[in-house]
Amino acid sequence: MPMVRLKIGVMGSALDEPKAAESAREIGQAIAESGCILITGGSAGVPYEAVKSAKKHGGMTVGVSPAMNAGEHTSVYKLPTEDFDILIFTGFERKGRNVISIRSCDGVIFISGGTGTLNEFTIAYDEGKVCGILVGTGGISDGIKDFEERYLSGRKKSGKVIYDSDTKRLVESVISELK
């Protein structure tokens, strides 16, 4: 029986953030070169930079869209379609899509981000996923450690959380934890 490829999610800010975007490109390349499948919420911004880089380096990419179909994906949500090998249309809007995209991943890497990224982190953590946090990229990624210590300390730990500021080492650590 062939081995199933690992699926690594990349979640983060849908905004244009140049510093975080460069890190996302490095993460996308590392995921592609590791032979893993890259999954995002089918969004723009930082996760899409990882998608474009993964494609450039021969990787497979999957987007889990909040839209019901391709037309809604591009016209209502204004989201890209290029560089995705597969787009899955959930029709569940952004928050509902987050559950599906996170559950579709074996491990998830978080870069920058705001409340949507925090929502994705709490789902991943609660689902027991391996969570890689790229620190030093701003946004919620730089606050998750404090959040974990303040609000999750003493509770049953579900997910494994790995913190690193080095993109390649973070991808390697997440993959290593999954094997």
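Exposed here means over 50% relative accessible area, buried means under 20%, and partly exposed is what falls in between. Arg-103 has a relative accessible area of 52%, so Arg-103 counts as exposed. Keep in mind that this is a predicted model. A search of the whole structure turns up five aromatic pairs and eight salt bridges, and here's a quick tour of some of them, plus a bit of strand pairing.

**Aromatic pairs**

- Let's start with Phe-110 and Phe-121, which pair edge-to-face, with 5.7 Å from centre to centre and 80° between the planes.
- Phe-110 belongs to strand β5 (residues 107-111) and Phe-121 to helix α5 (residues 115-126), so this pair ties together parts that are eleven residues apart in sequence.
- Both of these Phe residues, Phe-110 and Phe-121, are buried.
- Phe-121 also pairs with Tyr-125: the ring centres are 5.7 Å apart and the planes sit at 40°, so this pair is tilted.
- Phe-121 and Tyr-125 are four residues apart in helix α5, so about one helical turn separates them.
- With a relative accessible area of 0%, Phe-121 is buried, and Tyr-125, at 7%, is buried too.
- Zoom out a little and ring pairs link Phe-110, Phe-121, Tyr-125, Phe-147 and Tyr-151 into a cluster.

**A charge over a ring**

- Lys-145 has its charged end sitting over the ring of Tyr-163, at 4.5 Å from the ring centre.

**Salt bridges: helix α1 and its network**

- Arg-25 and Glu-22 form a salt bridge, and their closest N and O atoms are 3.0 Å apart.
- Both residues, Arg-25 and Glu-22, lie in helix α1 (residues 18-33), three residues apart, which is about one turn of the helix.
- Arg-25 has 30% relative accessibility, so Arg-25 counts as partly exposed; Glu-22, at 37%, also counts as partly exposed.
- There's a wider network of salt bridges here, and it links Glu-22, Arg-25, Glu-49 and Lys-52.

**Salt bridges: Glu-127 to Arg-103**

- Glu-127 pairs up with Arg-103 in a salt bridge, with 3.1 Å between the closest N and O atoms.
- Glu-127 is in the loop between α5 and β6 (130-134), while Arg-103 is in helix α4 (residues 93-103), so the salt bridge ties together parts that are 24 residues apart in sequence.
- As for accessibility, Glu-127 comes in at 33% and counts as partly exposed, whereas Arg-103 is exposed at 52%.

**Salt bridges: Arg-169 to Asp-164**

- Arg-169 and Asp-164 bring their side chains together in a salt bridge, at 2.7 Å from N to O.
- The two partners fall into separate accessibility classes: Arg-169 is partly exposed at 43%, and Asp-164 is buried at 11%.

**Strands β3 and β4**

- Strand β3 (residues 60-65) pairs with strand β4 (residues 86-89) in the parallel sense, over four bridges.
- Within this pairing, Gly-63 stands opposite Leu-87 in β4.
- Add helix α3 (residues 70-75) to β3 and β4, and you've got a right-handed β-α-β unit.

Methods
Residues numbered from 1 in each chain as written. Predicted model: local features only at pLDDT ≥ 70, side-chain atom pairs only at ≥ 80, totals over all residues. Heavy atoms only, no water. Phe/Tyr/Trp six-rings, centres within 6.5 Å; stacked < 30°, edge-to-face > 60°. Helix = DSSP H or I, 4+ residues; strand = E, 2+ residues; numbered from the N terminus. Buried < 20%, exposed > 50% of the residue type's maximum accessible area, 1.4 Å probe, protein only. Lys NZ or Arg CZ within 6 Å of the ring centre and 35° of its normal. Salt bridge = Lys/Arg side-chain N within 4 Å of Asp/Glu carboxyl O. Pairing = 2+ DSSP bridges. Right-handed = clockwise from strand over helix to strand, strands pointing away.
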